[in-house]
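The following exercises are to be worked with the sequence and the coordinates at hand. Each task is followed by a solution in steps.

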Amino acid sequence: MTTEKLFTPLKAGALDLANRIVMAPLTRNRARAEDDAPYDIHVEYYAQRASAGLIITEASQIMPEGKGYAWTPGIYSKAQIDGWKKVTDAVHAKGGKIVVQLWHVGRISHTSLQPGGKAPVAPSAIAAKAKTFDGTAFVDTSVPRALETDEIAAIVDAYRQAALNAIEAGFDGIEVHAANGYLIDQFLRDGSNLRDDIYGGSIENRTRFLVEVMDAVTQAIGADRVGIRLSPLSNANAIADSNPMALFSHVIDRLNPYGLAYLHLVEGQTGGPRETPEGTDINALRKRFEGAYMANNGYTRSMAIEAVESGAADLVAFGRPFIANPDLVARLQQDAPLNDLDRGTLYGGGREGYVDYPTLDSQAAA
Ligand code: 8OZ
């Protein structure tokens, strides 16, 4: 029996976790086309993975305008809350814990995905040199419209309502998606935020939207049920900043007083190399945070064991390995081989490549 710390319980804020292995948020584009609600296959998919210490759901839009790809789920309507309730009940019945990742894509969208075919909204009217998937093809993201100052409070309020909806849907908490070049990240970075109001200019001003969102969600459901994901040194979705170390040092200083459940960092390029440019240091950022730390990006079994054993991380989030291995925790515990990932079924479709990956038990029985 393995006794490595990776496999031992952790209390992160209000989250009582059976082990330190986390299922990372993973966009799978299988929500119901009519209303962006989870289907019964989502119930099956997440329940199959309930042995994770914590499941973070796929990113889920907080409002219709927050959507940027075909078939991503929402967490703003009754049908969506009802669909998610089935998911959380099934995960809890198997002893797991699950939080929903709250998402607004900002400019990473296309007019065809927006209510009324309008332009997506963003801090500034600068198109991202990025692609999205509109349900048929990969298309260039649309030129966004810059938000008016007095429109921002309604988006903050949608985050607050989504956090309340999450609790109604039975989630153990939420993760604020502030990573990968989406709306919050667009406000933070000077490559996408050219505003001249209180939400733009200085690092403090660019951090204001994030702080307002964190104030809203922590007041709504308690900071000990709120985690946050950042990708400080990633250029995902063509995001850019002139001084990410200064920016994210400030961001983490602002996060510390909340007493959040955890900080989740994408170390390096999202889903890509862990290396970061000369003069940048993800460890310095990680060490600045005073609460539980969740590491992510390309971790292997031995890297995860070592990171938790040494205290470099409290939790390790696995993405692609959790898609292909519903029983990833058992496989890591036993040092068993992992299933290969089928890239062709990552985004969109039905059961295939979603709920049909074998477990060690089903493989032994075959
Ligand atoms: C892959 C495809 C579409 C969206 C992210 C939510 O990068 C995503 C995402 C990933 O955070």
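**Exercise 1. The setting of a histidine**

At 0% relative accessibility, His-264 counts as buried. The model is a predicted one. Task: determine where His-264 is placed and which side chains it joins through polar contacts.

Solution.
1. His-264 belongs to strand β12, which comprises residues 262-266.
2. Its side chain and that of Glu-175 are joined by a polar contact of 2.9 Å.
3. A polar contact of 3.2 Å links the side chains of His-264 and Arg-229.
4. Residues up to four places away in sequence being set aside, His-264 touches Pro-25, Ile-56, Glu-175, Ile-228, Arg-229, Leu-230, Met-294, Asn-296 and Ala-317.
5. Ser-231 is 33 residues from His-264 along the chain, and the two C-alpha atoms are separated by 8.5 Å.

**Exercise 2. A partner of Arg-229**

Task: classify Asn-296 as buried or exposed, and state which side chain it meets in a polar contact.

Solution.
1. The relative accessible area of Asn-296 is 7%. Buried means under 20%, so Asn-296 is buried.
2. Asn-296 is part of strand β13, residues 293-296.
3. The side chains of Asn-296 and Arg-229 form a polar contact of 2.7 Å.
4. Beyond its neighbours within four places in sequence, the contacts of Asn-296 include His-264, Leu-265, Val-266 and Glu-267.
5. Arg-229 thus has side-chain polar contacts with both His-264 and Asn-296.

**Exercise 3. The length and cover of a helix**

Task: test whether the span of helix α2 agrees with its number of residues, and identify what covers its buried residues.

Solution.
1. Helix α2 has 16 residues, 78-93. The expected span is 1.5 Å times one less than the number of residues.
2. This gives 22 Å, and the end C-alpha atoms are 22 Å apart, so the two values agree.
3. The buried residues of α2 are Gln-80, Ile-81, Gly-83, Trp-84, Val-87, Thr-88, Ala-90 and Val-91.
4. Their cover includes α1 (40-48), β4 (54-61), β5 (98-103) and α3 (152-168).
5. After α2 comes Gly-95, with a positive phi near 85°.

**Exercise 4. Two positive phi angles outside glycine**

Task: compare the location and accessibility of Asp-36 with those of Trp-71.

Solution.
1. Most residues other than glycine have a negative phi.
2. Asp-36, not a glycine, has a positive phi of about 55°. Trp-71, not a glycine either, has a positive phi of about 60°.
3. Asp-36 is in the loop between β3 (21-23) and α1, whereas Trp-71 is in the loop between β4 and α2.
4. With a relative accessible area of 8%, Asp-36 is buried; Trp-71, at 29%, is partly exposed.

**Exercise 5. The surroundings of the ligand**

Task: state which residues are around the ligand and how much of its accessible area the protein covers.

Solution.
1. The residues around the ligand are Thr-27, Ala-59, Tyr-69, Trp-103, His-177, Asn-180, Tyr-182 and Tyr-347.
2. An oxygen atom of the ligand lies 2.8 Å from a side-chain N or O atom of His-177. For Asn-180, the corresponding distance from a ligand oxygen to a side-chain N or O atom is 2.7 Å.
3. On its own the ligand has 300 Å² of accessible area, of which the protein covers 78%.

Notes:
Residues are numbered from 1 along each chain as its sequence is written. This is a predicted model: local features need pLDDT of at least 70, side-chain atom pairs count only at pLDDT 80 or more; totals for chains, interfaces and linings use all residues. Side-chain values use heavy atoms; hydrogens and water are left out. Helices (H or I, at least four residues) and strands (E, at least two) are DSSP runs, numbered from the N terminus. Buried means under 20% relative accessible area, exposed over 50%, partly exposed in between (1.4 Å probe, protein chains only). Contact means heavy atoms within 4.5 Å. A residue is near a molecule or strand if one of its heavy atoms lies within 4 Å of it. A polar contact is a pair of N or O atoms within 3.5 Å; within protein, one must be able to donate a hydrogen and the other to accept it, and residues adjacent in sequence count only if both atoms are side-chain atoms. Accessible areas come from the Shrake-Rupley method with a 1.4 Å probe; for residues, only the protein chains shown count as cover.
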